[in-house]
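Please look over the model shown here. The report takes up single residues, cavities and one helix in turn.

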Amino acid sequence: MRKKVLESRSKWYLLYLLVYLVFIAGILYGVMNRGKEVTIVSDTDYQQDTGVAKSVAEMRNKQGNEPLHEVYKDLPVIDVHSHSVHDLHRSETRDMSHVTTGKDVWGKYGIDKTVLFGDVSAPSAVRTDRLSWRYYQEYPDLIYPSFSGFPLERGEGGVERVKENLEQGYLAVGEIYAASIYSPSSDVLWKGKHPYWGVLPDIYQLSASYRAPILLHIDPPEGTNINYLKTALRKHPETIFIFAHANVFNSPENLDPLLAEFDNLFIDFFAGFTAYNSNSSHQLEEFVPLIEKYPDQFFLGSDSGVEIGIDKAYRAMYELIDQLTPHTAVKVAYQNYERLIEEQPPTETQKQTIKELARELSLEGKTFRLNKRKANELIFSLQDQLRSQ
């Protein structure tokens with residue numbers, strides 16, 4: 001009897017031991033797997049290249065009779081406002097070898113990056129938003145993708161679409177018609193009545209959480225529209241507001257108090273309008289003191305050369321650059337906007353996508369230091385690797 005009891009106890013001891021070992025093995029397995037999991041570290045530190053201003057001064061010293069875009073060919077330039085996804089799409093999908101393509105124009109004028117979208121504040125913009133993403137995937141070294149296709153009326157899903165696109169990896173919001181009366185496109189379906197209308201306040205807050213800039217079309221740039229813009233700027237101090245083509249039918253005197261009060265307001269300067277549109281009542285040199293006063297709050301945009309043509313739009317950019325001090329020229333040409341891009345953190349959707357792709361490619365254990373832009377480019381690279389297997 002005693003022997004049977006001992007045998008029974010031994011069996012139970014062995015069973016307990018087995019359960020314990022399985023438990024320990026499970027913990028070790030989990031620890032080992034966690035050790036192999038891809039680690040993503042947010043890296044949003046941006047350091048301006050302080051040597052470029054000196055290079056600009058040297059470019060000017062060597063200046064001859066060549067066009068200004070040749071003088072400044074080694075200066076990076078970002079076009080922060082381009083609707084030209086249609087032109088790029090036509091040149092990519094049709095036999096247009098006999099014409100100059102969008103990429104050729106960027107190359108000719110030394111435009112290093114283009115904030116690309118298409119239609120604005122209309123249902124048709126949903127398609128052009130997809131195109132901007134498609135061409136970003138193909139040319140990530142040339143394009144910053146933006147989007148404009150979402151309604152501003154409450155209850156129509158606009159906020160949800162903005163969140164979805166920002167999570168996906170779009171780097172900017174807009175151009176959005178926050179208010180428009182005189183623009184040739186003022187009849188768009190999804191425009192606002194003023195810059196604090198509908199779901200715009202929610203979108204401002206959402207943009208701030210992603211650190212993504214939002215480009216606002218506001219016309220006329222006066223009266224009630226500007227009062228509501230001030231409301232937005234005051235209530236959303238963390239949001240990065242860009243006043244689209246703010247110099248169009250506007251004066252330095254009107255912009256100065258806005259820039260003085262709000263450091264979250266940035267100016268998309270459409271130099272082509274001031275330099276070449278016959279309706280402009282100002283000259284480029286009239287805006288130079290304002291830009292020098294607020295050198296961190298200006299960008300350059302072509303607006304796809306509306307009413308003047310893209311060549312004049314790009315030539316005017318360089319005509320303005322040539323009038324600025326080297327330090328300011330470098331900031332306005334690219335560093336101010338580049339900072340906004342490089343300081344955006346990777347999204348949860350991007351992180352999850354990278355981890356899933358890494359598992360499929362057996363890249364466990366790697367650590368990636370990424371901002372949002374770098375996360376996009378890593379995803380594109382990993383997807384290419386997976387397709388090539």
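## Ser-280 and its loop

This is a predicted model. The side chain of Ser-280 comes within 3.5 Å of the backbone oxygen of Thr-274. Ser-280 sits in the loop between helix H11 (271-276) and helix H12 (284-293). Its contacts, leaving out residues up to four places away in sequence, are Phe-273 and Thr-274.

Is Ser-280 buried or exposed? Ser-280 counts as buried because its relative accessibility is 17%, and buried means under 20%.

## The second largest cavity

Ser-280 is also one of the residues that line the second largest cavity. Phe-273 and Thr-274 belong to that lining too. The other lining residues are Asn-247, Phe-249, Asn-250, Asn-279, Ser-281 and His-282.

The volume of this second largest cavity is about 30 Å³. By class, its lining has seven polar residues, two nonpolar and no charged.

## The largest cavity

How many cavities of 30 Å³ or more are there? The count is two. A general point on method: rolling a probe the size of a water molecule over the atoms shows where empty space is left.

The largest cavity holds about 60 Å³ of space. Strand E5 (172-179) and strand E6 (214-218) each give at least two residues to its lining. E5 supplies the largest share, three residues. The lining includes Ala-172, Val-173 and Gly-174, along with Ile-214 and Leu-215. Val-80, Val-115, Phe-117, Ser-146, Pro-213, Ile-242 and Tyr-337 line the largest cavity as well. The classes are 10 nonpolar, two polar and no charged residues.

## Ser-121

Ser-121 lies in the loop between strand E3 (113-116) and helix H6 (124-138). Ser-121 counts as buried because its relative accessibility is 1%.

Which backbone atom lies 2.8 Å from a polar atom of the Ser-121 side chain? The backbone nitrogen of Tyr-177 does. Tyr-177 is also among the contacts of Ser-121 beyond four places in sequence. The others are Ser-148, Glu-175, Ile-176, Val-188, Leu-189, Trp-190 and Lys-191.

## His-245

His-245 is placed in the loop between strand E7 (241-243) and helix H10 (252-261). With a relative accessibility of 10%, His-245 counts as buried.

Its side chain makes a polar contact of 3.4 Å with the side chain of His-217. Apart from neighbours within four places in sequence, His-245 touches His-81, Glu-175, His-217, Asp-268, Phe-270 and Asp-303. Glu-175 is thus a contact of His-245 and of Ser-121. Phe-270 is 25 residues from His-245 along the chain, yet their C-alpha atoms are separated by 5.0 Å.

## Helix H8

Is helix H8 (residues 200-210) mostly covered or mostly open? H8 is mostly covered: eight of its 11 residues are buried. These are Leu-200, Pro-201, Ile-203, Tyr-204, Leu-206, Ser-207, Ala-208 and Tyr-210.

What do the buried residues of H8 pack against? Their helical partners are helix H7 (158-168), helix H9 (223-235) and helix H16 (372-388). Their strand partners are E5, E6 and E7. E5 and E6 also help line the largest cavity. Just after H8, Arg-211 adopts a positive phi of about 60°.

Note on methods:
Residues are numbered from 1 along each chain as its sequence is written. This is a predicted model: local features need pLDDT of at least 70, side-chain atom pairs count only at pLDDT 80 or more; totals for chains, interfaces and linings use all residues. Side-chain values use heavy atoms; hydrogens and water are left out. Helices (H or I, at least four residues) and strands (E, at least two) are DSSP runs, numbered from the N terminus. Buried means under 20% relative accessible area, exposed over 50%, partly exposed in between (1.4 Å probe, protein chains only). A polar contact is a pair of N or O atoms within 3.5 Å; within protein, one must be able to donate a hydrogen and the other to accept it, and residues adjacent in sequence count only if both atoms are side-chain atoms. Contact means heavy atoms within 4.5 Å. On a 1 Å grid over the protein atoms alone, a cavity is a set of points where a 1.4 Å probe fits but cannot get out, and a pocket is an open set with protein on both sides within 12 Å along at least five of seven lines; lining residues have an atom within 4 Å of a point. Grid points are joined across faces, edges and corners, and a volume is the space filled by probe spheres set on the points. Ala, Val, Leu, Ile, Met, Phe, Trp, Tyr, Cys and Pro count as nonpolar, Asp, Glu, Lys and Arg as charged, and the others, Gly among them, as polar.
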